[in-house]
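Please describe how the strands and helices of this protein are arranged. A short report for a first-year student would be ideal.

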Amino acid sequence: MPVIYVISDSVGETAELVTKAAISQFNGSDTTIKRIPYVEDTGTIEEVISLAKIYHGMIVFTLVRPDIRAYLQTRAREEELFAYDILGPLMDECQEIYGRLPKNEPGLVRKLDEDYFKKVEAIEFAVKYDDGRDPRGILKADIVLIGVSRTSKTPLSQYLAHKRLRVANVPLVPEVDPPEELFQIPKERCVGLKIQPEKLNQIRKERLIALGLNDNANYANIQRIANELSYFKTIMEKIQCPVIDVTNKAVEETANVILQMVQQKSTP
């Protein structure tokens, strides 16, 4: 039974996937693949070389450190073993194209993958805890956005989620008590979104028209809006959290203000 030793200075997923893709073209189900991850020294390479000689195996590797890669190539030639370098030639060509040396840091692809999954998790979080659907999300969130209806809470939550922040948002309505969880978390994790009544009146009227409804509905009534904003101010005074005026701000502008707050909070 053929044996292929997959060597990597990271997890080794890339090398194993490429190897499986190759042997699948030869019905390679009877081939044994042995993955050796996190190789950082020549001693491990010597062990693999010995095993490959005993079992007449071949070696496939993704090693980004030049010294370890060169050592494996030299020893494989000396022992007359086949060793296939997956990344090396491509990295050498990229070095010529970019005109600079590679980082030679193992595991960067995996770090990128982790970053991607954190972003996906944050987006799913924002959807799950949008518009106060489940107050339990308030306790888990990195940021909680608070505001009356049509202050861009949802698009802002999604924008910040793409920055890998878990965001919940809570609408304030005078007839409904805010969730108790709002008063159980540090005020620094809350951000109030205020808006001028005239601007909110315009936004709500446009929203009603877009829905095919009468723009004279109570939802867009200027007195109703004034009552909601007064209630918002009362809650903000109770929480004592930062408040951003979003009247003339694009979502990106408001998000950048919040990101700066987060950065300042995390800086010692």
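This report covers the sheet, then the helices, then a patch on the surface. The model is predicted.

**The sheet**

Start with the strands. In general, strands of a sheet pair through backbone hydrogen bonds, either parallel or antiparallel. Here 4 strands make an open sheet, and their pairing is parallel. The order is 2-1-3-4. Strand 2 (32-36) and strand 4 (83-85) stand at the edges. Each has a single partner strand, so one side of each lacks a neighbour in the sheet. From one strand to the next, the twist averages 20 degrees.

Now take one pair. Strand 1 (residues 3-8) and strand 2 run parallel and are joined by 5 bridges. Within this pair, Y5 stands opposite K34 of strand 2.

**The helices**

Two helices lie across strands of the sheet. The table gives their positions and angles.

| Helix | Residues | Lies across | Angle |
|---|---|---|---|
| Helix 1 | residues 13-23 | strand 1, strand 2 and strand 3 (58-62) | about 165 degrees to strand 2 |
| Helix 2 | residues 42-54 | strand 1, strand 2 and strand 3 | about 170 degrees to strand 1 |

**The surface patch**

Which residues make the nonpolar surface patch? They are L51, I54 and Y55. The patch covers about 310 Å². L51 belongs to helix 2, the helix that runs at about 170 degrees to strand 1. Is L51 buried, partly exposed or exposed? L51 counts as partly exposed, because its relative accessibility is 36%, and partly exposed lies between under 20% for buried and over 50% for exposed.

Note on methods
Residues numbered from 1 in each chain as written. Predicted model: local features only at pLDDT ≥ 70, side-chain atom pairs only at ≥ 80, totals over all residues. Heavy atoms only, no water. Patch = residues over 30% accessible without salt bridge, like charges linked within 9 Å, V, L, I, M, F, W, Y side chains within 5 Å. Areas by Shrake-Rupley, 256 points an atom, 1.4 Å probe, with all protein chains shown as cover. Salt bridge = Lys/Arg side-chain N within 4 Å of Asp/Glu carboxyl O. Helix = DSSP H or I, 4+ residues; strand = E, 2+ residues; numbered from the N terminus. Buried < 20%, exposed > 50% of the residue type's maximum accessible area, 1.4 Å probe, protein only. Pairing = 2+ DSSP bridges. Axes fitted to C-alpha atoms, helices over the stretch in contact; angles between N-to-C directions. Contact = heavy atoms within 4.5 Å.
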